[in-house]
Amino acid sequence: MTTQVLPFTSPNGSAPVRAREIALLGYAEETRGLVHSLPEGAEIWGINAAHYFLKRPAHVWFQLHPKNWAVSGAEPTGYYGRPKEHLEFLQQFTGTLYLLEPNPELPNGTLFPRTELCMKFGREYLTSTFAYQLALVLDEHALRPVGRLYLYGINLTAQEEYAHQRPCAEYWLGRLEQAGIEVVVPAASALLKGPTYPSPESDLSKHAY
């Protein structure tokens with residue numbers, strides 16, 4: 001894969017800067033492995049327990065659940081719905097770790113600036129961790145330009161994801177593309193895809209339904 005150097009300049013316009021490449025990493029098996037073919041300089045932003053299958057260092061991590069959260073029907077573990085190894089990963093993480101609430105067991109955590117971003121962008125529409133990530137990419141792009149955004153392991157074809165998380169993610173992706181960021185969506189993802197009216201439904205939308 002060839003990394004493109006895009007024509008951005010520093011905020012004062014005095015010098016060119018290299019555009020950042022960021023990959024958001026989710027769980028979907030069909031596309032999550034693509035993260036390992038990224039250029040060395042690309043930033044990886046992971047979520048929850050995606051570190052179980054990540055074989056290279058990540059730069060930013062998001063654990064936005066309450067610490068007593070649990071998958072529906074499961075007992076809370078006290079470690080964000082995961083085994084204690086997940087907490088140990090978060091404690092040892094040396095990049096930026098975003099949380100929605102403080103946790104004394106994670107002194108390295110940074111509170112996500114949700115209120116600030118909602119006020120800045122004029123809309124509180126955040127239905128998943130991916131939406132939080134996308135809003136933060138848009139915010140950082142103003143001062144540290146992002147040239148390309150990869151969406152790996154983010155298919156959003158499951159019922160709840162397709163109904164609630166996908167529309168919100170696409171809202172933020174539209175704002176990112178409007179800001180000049182190239183968005184890379186794998187073929188297996190449901191994002192930014194659909195039949196062109198009045199054509200018949202696509203295979204992907206039929207699968208999701």
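Cys 168 is buried, with a relative accessible area of 0% in this predicted model. Its sulfur has the sulfur of Cys 118 as its closest cysteine partner, 9.8 Å away, and that is too far for a bond. Cys 118 is buried as well, at 12% relative accessibility. Seen from Cys 118, the closest cysteine sulfur is the one in Cys 168, again too far for a bond at 9.8 Å. A disulfide is a covalent bond between the sulfur atoms of two cysteines. The count of disulfides in the structure is 0.

**Helix packing**

Cys 168 also takes part in a helix contact, on the α5 side. Which helix does α5 meet there? The partner is α4. Helix α4 covers residues 129–141 and helix α5 covers residues 159–178. Their axes come within 9 Å and cross at roughly 10 degrees. Angles under 35 degrees count as roughly parallel. The two helices are therefore roughly parallel to each other.

From α4, the contact uses Phe 130, Ala 131, Leu 134, Ala 135, Val 137 and Leu 138. From α5, Gln 165, Cys 168, Ala 169, Trp 172, Leu 173, Arg 175 and Leu 176 face them in contact. By class, this contact holds 11 nonpolar residues, 1 polar residue and 1 charged residue.

**Salt bridges**

How many salt bridges does the whole structure hold? The search finds 7. Three of them are set out here, each with its N to O distance.

| Pair | N to O distance | Location |
|---|---|---|
| Glu 140 and Arg 20 | 2.8 Å | helix α4 and strand β3 |
| Glu 21 and Arg 148 | 2.5 Å | strand β3 and strand β8 |
| Lys 120 and Asp 139 | 2.5 Å | helix α3 and helix α4 |

Take Glu 140 and Arg 20. Their side chains meet in a salt bridge. The pair links distant parts of the chain, 120 residues apart. Strand β3, home of Arg 20, spans residues 20–25. Both Glu 140 and Arg 20 are buried. These two residues also belong to a wider network of salt bridges, together with Glu 43 and Arg 144.

Next come Glu 21 and Arg 148. Glu 21 sits in strand β3 and Arg 148 in strand β8 (residues 146–152), so this salt bridge ties together parts that are 127 residues apart in sequence. Are these two residues buried or exposed? Glu 21 is buried at 7% relative accessibility. Arg 148 is buried too, at 10%.

The pair of Lys 120 and Asp 139 joins two helices. Lys 120 is in helix α3 (residues 114–121) and Asp 139 is in helix α4. They are 19 residues apart. Asp 139 is partly exposed, with 21% relative accessibility.

**Positive phi angles**

Which residue in the loop between β5 and α2 deserves a look? Tyr 80 lies in that loop, between β5 (60–63) and α2 (84–92). Its phi is near 60 degrees, a positive value in a residue other than glycine. Tyr 80 is buried, with a relative accessible area of 2%.

Leu 192 is another case. Its phi is positive, about 55 degrees, although Leu 192 is not a glycine. Leu 192 is in the loop between β9 (182–184) and α6 (203–208). Is Leu 192 buried or partly exposed? Leu 192 is partly exposed, with a relative accessible area of 39%.

Definitions and conventions. Residues are numbered from 1 along each chain as its sequence is written. This is a predicted model: local features need pLDDT of at least 70, side-chain atom pairs count only at pLDDT 80 or more; totals for chains, interfaces and linings use all residues. Side-chain values use heavy atoms; hydrogens and water are left out. Axes are lines fitted to C-alpha atoms, for helices over the stretch in contact, and angles run from 0 to 180 degrees between N-to-C directions. Helices (H or I, at least four residues) and strands (E, at least two) are DSSP runs, numbered from the N terminus. Angles under 35 degrees count as roughly parallel, over 145 as roughly antiparallel, 65 to 115 as roughly perpendicular and the rest as oblique. Contact means heavy atoms within 4.5 Å. Ala, Val, Leu, Ile, Met, Phe, Trp, Tyr, Cys and Pro count as nonpolar, Asp, Glu, Lys and Arg as charged, and the others, Gly among them, as polar. A disulfide is a pair of cysteine sulfur atoms within 2.5 Å. Buried means under 20% relative accessible area, exposed over 50%, partly exposed in between (1.4 Å probe, protein chains only). A salt bridge is a side-chain nitrogen of Lys or Arg within 4 Å of a carboxyl oxygen of Asp or Glu.
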